[in-house]
Amino acid sequence: MIMVSPIISPPSSSSSTLHLHSFESTFFFSTPLLPQRNIRFQSRCNKFEKHRWKDAVRCRFISSNAPSTSTSNSNSMTLMKEPHKYFDQVFITVRAGDGGHGAILNAPNTQRSPTKQDQKKDKDKIKKKSSLKRDFDGSLILPMGGHGGDVVIYADEGKDTLLEFHNKGRYNAKRGGNVDAMGVLSSLLRNGITAPTLRIPVPVGTVVKNKRGKTLADLAQPGDEVLVARGGQGGISLLEVPQHQKKRMMTLTTNVMRDESDKVLVHGQPGEEIKLELILRVVADVGLVGLPNAGKSTLLAAITLAKPDIADYPFTTLMPNLGRLGGDPTLGAGMYSSEATLADLPGLIEGAHLGKGLGRNFLRHLRRTRVLVHVVDAAAENPINDYRTVREELRMYNPEYLERPYIVVLNKIDLSEGCAWIRSNGILDPCTGPYLLRKGFLKFVFGLGEAARAKNRLSSLSEEIMKIGNNSTASEPKPSPEVPDESSSDEGDLPEKALEDYPPPLSVVGVSVLKGIKIKEMLKEIRAALRKCTGSNEPSSVPPPP
Ligand SMILES: Nc1nc2c(ncn2[C@@H]2O[C@H](COP(=O)(O)OP(=O)(O)OP(=O)(O)O)[C@@H](O)[C@H]2O)c(=O)[nH]1
């Protein structure tokens with residue numbers, strides 16, 4: 001714990017973003033000096049008054065990991081709201097380098113001089129002149145300014161998010177080198193140095209758009225790249241010769257300066273500047289969708305090595321987590337071909353297609369998936385309603401999502417099957433169980449009844465879910481998802497088909513991903529769905545975007 005006595009700068013200060021968390025005591029701020037750590041800045045003053053900003057206040061810093069002493073205060077107020085940083089969408093400006101400048105050069109004097117000494121000098125000069133670079137037709141080639149650096153954006157597997165672009169939104173390539181001339185044309189003159197290309201790495205799956213929303217590139221594969229801004233051309237060099245020599249020199253080169261206005265040709269061209277929108281769409285074979293808290297992250301952690309945040313509150317997941325599904329051992333040597341990538345998307349809520357709960361940002365990540373796994377909390381009050389809500393959101397955002405093969409996972413059956421009741425009552429505990437059994441025999445019997453009822457509930461849930469779908473459309477699952485133009489859904493092109501008109505799920509499985517109940521069955525269904533959507537036994541990689 002560090003004791004400091006800083007002068008608190010007012011909230012308008014540009015150097016720091018400051019949140020007043022509580023009226024009474026806690027302030028949050030982030031400062032460029034300590035960018036990696038959230039520092040909770042706790043003042044001892046009990047009341048916050050505007051004029052006090054000018055005063056020195058004794059404060060203490062505590063690490064953000066340390067338990068807060070005053071977080072319970074509900075009377076909190078945010079003085080300056082930090083803008084939400086979308087990890088998957090950002091605007092940047094890139095500028096290619098300007099071209100380097102050429103030079104205005106004096107031609108070597110080739111006129112005969114009267115003295116012998118001067119004649120010798122002239123010979124040397126002519127020799128030098130003859131070593132000047134010449135074109136195939138014998139005309140002189142004069143040095144040029146260096147080309148400005150281009151800007152290229154490329155897909156790099158090492159990058160996960162676009163967050164870093166929020167810290168740096170402008171990228172400038174270097175300018176080309178000038179012709180390093182002291183004024184006299186000589187064979188030593190070289191072109192200006194060409195500036196290196198500025199290469200900006202972005203995560204695989206990034207879509208690059210220009211300011212008007214036109215897609216410039218979809219960097220779906222590692223190493224894909226796009227030239228977004230061209231560097232400026234270098235300026236040319238001009239020969240400045242006395243009037244009487246002009247005619248003769250013009251036979252040697254076209255770059256003879258005619259008048260003052262020619263000087264602009266010496267300047268390098270400016271590099272292109274462009275404002276770009278970068279949008280990340282995760283590249284995954286399977287997308288996990290569902291309401292918040294349905295257990296999507298737990299599912300991902302159960303079947304892959306991914307370690308997503310799991311907590312008992314909605315919106316634990318704020319950015320898609322990716323996990324790699326191992327190969328199916330039953331395929332023998334071909335098991336690796338059945339590997340797939342799973343994306344756990346943040347929970348969707350009603351109105352997600354309109355952007356509620358950042359829904360549109362999350363929904364866009366489904367574009368590249370081939371199979372959807374719809375996770376439903378079977379222990380919820382109305383799982384069918386929850387299921388319909390998410391399906392409806394998918395339909396409103398992009399009806400094509402509903403055409404994709406999908407399976408429904410009814411999660412938390414450990415709760416819905418009444419096990420929770422039995423466990424929570426200690427019946428299975430070897431010490432307390434017998435006592436409780438004797439004491440609460442009736443209660444136990446009631447619990448078994450509950451379990452049986454819940455089991456029935458599961459099968460009736462499955463039936464109901466299967467009914468929400470038109471089997472005639474399900475016979476031919478689409479082999480690969482088309483990636484429609486984002487604008488089609490953005491324009492609110494609402495479909496007329498109802499949920500019932502879209503295919504039903506390929507299967508409905510009841511599982512408890514937390515307790516590991518029926519995980520194998522679920523994996524089998526996911527793999528079967530992957531196979532089905534490619535029409536082969538070996539699920540291929542993600543289809544290339546159009
Ligand atoms: N009893 C039980 N609890 C579960 C099961 N699966 C998940 N949970 C719990 O449900 C809560 C939410 O789980 P998450 O995996 O974070 O849910 P999520 O759908 O990813 O939630 P968001 O991140 O908000 O979208 C956690 O407390 C889990 O422990 C299950 O099978 N049984």
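Which residue in β18 is the bridge partner of Leu 322? It's Ala 343. That pair is a good way into this predicted model, a protein chain with 13 helices and 21 strands. Let's start with one sheet, then look at the helix lying across part of it and the core residues around them.

**The sheet**

- Six strands make up an open sheet, in the order β17-β18-β16-β19-β20-β21, and the pairing is mixed.
- β17 (321–325) and β21 (507–510) sit at the edges with a single partner strand each, so one side of each has no neighbour in the sheet.
- On average, neighbouring strands here are turned by 25° against each other, ignoring direction.
- As a bit of background, strands of a sheet pair through backbone hydrogen bonds, and they can do that in a parallel or an antiparallel way.

**Who pairs with whom**

- β17 pairs with β18 (residues 340–344) in the antiparallel sense, over five bridges.
- β18 also has β16 as a partner: these two run parallel and are joined by three bridges.
- Ala 343 turns up again here, since Gly 287 stands opposite Ala 343 in β18.
- Moving to β19, the pairing with β16 is parallel too, over four bridges.
- In that pairing, Val 289 stands opposite His 374 in β19.

**A closer look at β16**

- In a regular strand, side chains alternate between the two faces of the sheet.
- You can follow that in β16: Val 286 and Leu 288 point one way, while Gly 287 and Val 289 point the other way.
- Are these four buried or exposed? All of them are buried.

**Helix α6**

- Helix α6 (residues 383–397) lies across β16 (286–289), β19 (371–377) and β20 (406–411), and runs at about 145° to β19.
- α6 has 15 residues and reaches 21 Å from its first C-alpha to its last, close to the 21 Å expected at 1.5 Å a residue.
- Several α6 residues are buried, among them Asp 386, Tyr 387, Val 390, Arg 391 and Leu 394.
- In an α-helix there are 3.6 residues a turn, so residues three or four places apart point the same way.

**Arg 388 in α6**

- Arg 388 is another α6 residue, but this one counts as partly exposed because it has 15 C-beta neighbours inside 10 Å, and being buried takes 20 or more.
- Leaving out residues up to four places away in sequence, Arg 388 touches Ile 468 and Leu 499.
- Arg 388 and Ile 468 are 80 residues apart in sequence, yet their C-alpha atoms are 8.6 Å apart in space.

**The cores**

- The largest nonpolar core has 73 residues, and the ones touching the most other members are Leu 288, Val 373, Val 409 and Leu 410.
- Domain 2 (89–279) and domain 3 (282–416 + 458–534) each supply at least three residues to this core.
- Which residues does Val 373 touch, not counting those up to four places away in sequence? They are Val 286, Leu 288, Tyr 406, Ile 407, Val 409 and Ile 526.
- There's also a second, separate core of 13 residues, including Leu 142, Ile 236, Leu 238 and Val 266.

**The whole chain**

- Of the 546 residues in the protein chain, 35% are buried.
- If you take contacts between residues at least 6 apart in sequence, 74% of them join residues at least 24 apart.

Methods: Residues are numbered from 1 along each chain as its sequence is written. This is a predicted model: local features need pLDDT of at least 70, side-chain atom pairs count only at pLDDT 80 or more; totals for chains, interfaces and linings use all residues. Two strands pair if DSSP finds at least two bridges between them. Axes are lines fitted to C-alpha atoms, for helices over the stretch in contact, and angles run from 0 to 180 degrees between N-to-C directions. Two residues are in contact if their C-beta atoms, placed from the backbone, lie within 7 Å. A nonpolar core is a set of buried Ala, Val, Leu, Ile, Met, Phe, Trp, Tyr and Cys residues joined through C-beta atoms within 7 Å. A residue is buried if 20 or more other C-beta atoms lie within 10 Å of its own, exposed if 12 or fewer, and partly exposed in between; C-beta atoms are placed from the backbone. Domain bounds come from an automatic or database domain assignment. The expected span of a helix is 1.5 Å times one less than its number of residues.
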